[in-house]
Amino acid sequence: MGKVIVVTSGKGGVGKTTSSAALGAALAQGGEKVVVVDFDVGLRNLDLVMGAERRVVYDIVNVIQGDAKLTQALIRDKRLETLYLLPASQTRDKDNLTPEGVEKVIAALKKSFDWVICDSPAGIERGATLAMRHADVAIVVTNPEVSSVRDSDRIIGLLDSKTLKAETGERMDKHLLLTRYDPVRAQRGDMLKVDDVLEILSIPLLGIIPESMDVLRASNVGAPVTIADGNSAPSKAYFDAARRLKGETLEVTVPSNEKRGFFGKIFGRKAA
């Protein structure tokens, strides 16, 4: 049975969709069979980031409502044979996602894939709670800004109360993915430092994704950054995060503005 991961946050625009695609592609490049599921019904973007917008025929709502089979809605990536996308609907609203329908889809995907990555909409409404409902692991994506971190703290509370694991008394594994980190701005005090974010949220650090134009360029060409440029700093950070998800113990490097290298300082906390 596959492992279900929800990529979530309280605030929009922090990089959930970018991270879902990048991590999915990184895992697939390691030989894992991966499906990335877009739960942002009405505002889908995952198909754009993965370069599959012109190939969408059926979506998750069609599957839940019985208008299409799951195999008809799944889109296989043209670059990686083991990477698939289940798109969201662009014309429906989140009320079309039913708890029973989502449970059935996730159960079917777990039988066929090693990893089921659920790209959650931002916030705490219906789409977000359904995306996290059946998760085994949660990745909380946040920017090093006070408002983003505060909203992520609220999401952590929901993960500990609204998921199936929480209701059955099991522990939900939660990991922090810190995105758009700029060491120069952090040093100036224009954004929170890594230590500050970790002190507030108190969950293990999965990775730090540096602020970089490489991410924007990859999105504009319709490719996860881990496919578009495997040697870029964000790509390397996502690959390391994917390895930690698989259980490897890697030290997390904090981006540095020192001349001795962009990833200069070794941050001692472990991801697990």
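Helices and strands here are DSSP runs, numbered from the N terminus, with at least four residues for a helix and at least two for a strand. With that in hand, welcome to this structure, which is a predicted model. A good starting place is a loop: Thr82 sits between strand 3 and strand 4 (83-86), and we will come back to this residue once the wider picture is in place.

Let us step back to the whole chain. It holds 13 helices and 10 strands. The radius of gyration is 18 Å, close to the 19 Å that the globule rule gives for 272 residues, so the chain is as compact as a globular protein of that length. If you turn the model along its principal axes, the C-alpha trace spans about 55 × 40 × 30 Å.

How much of the chain is buried? Buried residues make up 54% of the 272 residues. The contacts tell you how the chain comes together: among those with a separation of 6 or more, 73% are between residues 24 or more positions apart. On the outside, the accessible surface comes to about 12100 Å², and carbon and sulfur atoms account for 46% of that. As for charge, you will find 38 positive and 36 negative side chains, and the centres of these two sets lie 2 Å apart.

Now look for the sheet. Strands of a sheet pair through backbone hydrogen bonds, either parallel or antiparallel. In this model, eight strands make an open sheet with mixed pairing, and their order across it is 3-4-2-5-1-6-7-8. Strand 3 (75-76) and strand 8 stand at the edges with a single partner strand each, so one side of each has no neighbour in the sheet.

Let us walk in from the edge at strand 3. Its pairing with strand 4 is antiparallel and runs over two bridges, and one pair to look for is Ile75 with its bridge partner Leu85 in strand 4. The two strands form a hairpin, with six residues between them. Strand 4 then pairs with strand 2 (residues 34-38), this time in the parallel sense and over four bridges. Here Val37 stands opposite Leu86 of strand 4.

Which way do the side chains of strand 4 point? Leu83 and Leu85 point one way, while Tyr84 and Leu86 point the other way, and all of them are buried.

This brings us back to Thr82, in the loop between strands 3 and 4. Is Thr82 buried or exposed, or something in between? At 27% relative accessibility, Thr82 counts as partly exposed, because that class lies between the buried limit of 20% and the exposed limit of 50%. Leaving aside residues up to four places away in sequence, Thr82 touches Ala28, Glu32, Lys33 and Val34. Asp114 is 32 residues from Thr82 in sequence, and the two C-alpha atoms are 9.8 Å apart in space.

Next, cross to the other edge of the sheet. Strand 7 (residues 173-181) is the home of Arg180, and strand 7 pairs with strand 8 in the parallel sense over four bridges. Leu176 has Leu205 of strand 8 as its bridge partner, and Leu177 stands opposite Gly207, also in strand 8. Although strand 8 stands at an edge, this strand is mostly covered, with six of its six residues buried.

Two residues in this region are worth a closer look for their backbone angles. Most residues other than glycine have a negative phi. Arg180 is not a glycine, yet its phi is positive, at about 55°; this residue is partly exposed, with a relative accessible area of 42%. Ser202 also has a positive phi, near 55°. Its place is the loop between helix 10 (194-201) and strand 8 (205-210), where Ser202 is exposed, with a relative accessible area of 59%.

For a last stop, find Gly230 in the loop between helix 12 (225-228) and helix 13 (233-245). Gly230 is partly exposed, with a relative accessible area of 34%. What does Gly230 touch, if we leave out residues up to four places away in sequence? Its contacts are Val225, Ser235, Lys236 and Phe239. Leu43, by contrast, is 187 residues from Gly230 in sequence and 28 Å from it in space, C-alpha to C-alpha.

Terms used:
Residues are numbered from 1 along each chain as its sequence is written. This is a predicted model: local features need pLDDT of at least 70, side-chain atom pairs count only at pLDDT 80 or more; totals for chains, interfaces and linings use all residues. Side-chain values use heavy atoms; hydrogens and water are left out. The radius of gyration is taken over C-alpha atoms; the globule rule is 2.2 Å times the number of residues to the power 0.38. Buried means under 20% relative accessible area, exposed over 50%, partly exposed in between (1.4 Å probe, protein chains only). Contact means heavy atoms within 4.5 Å. Accessible areas come from the Shrake-Rupley method with a 1.4 Å probe; for residues, only the protein chains shown count as cover. Lys and Arg count as positive and Asp and Glu as negative; His and the chain ends are not counted. The place of a charge is taken as NZ of Lys, CZ of Arg, CG of Asp or CD of Glu. Two strands pair if DSSP finds at least two bridges between them.
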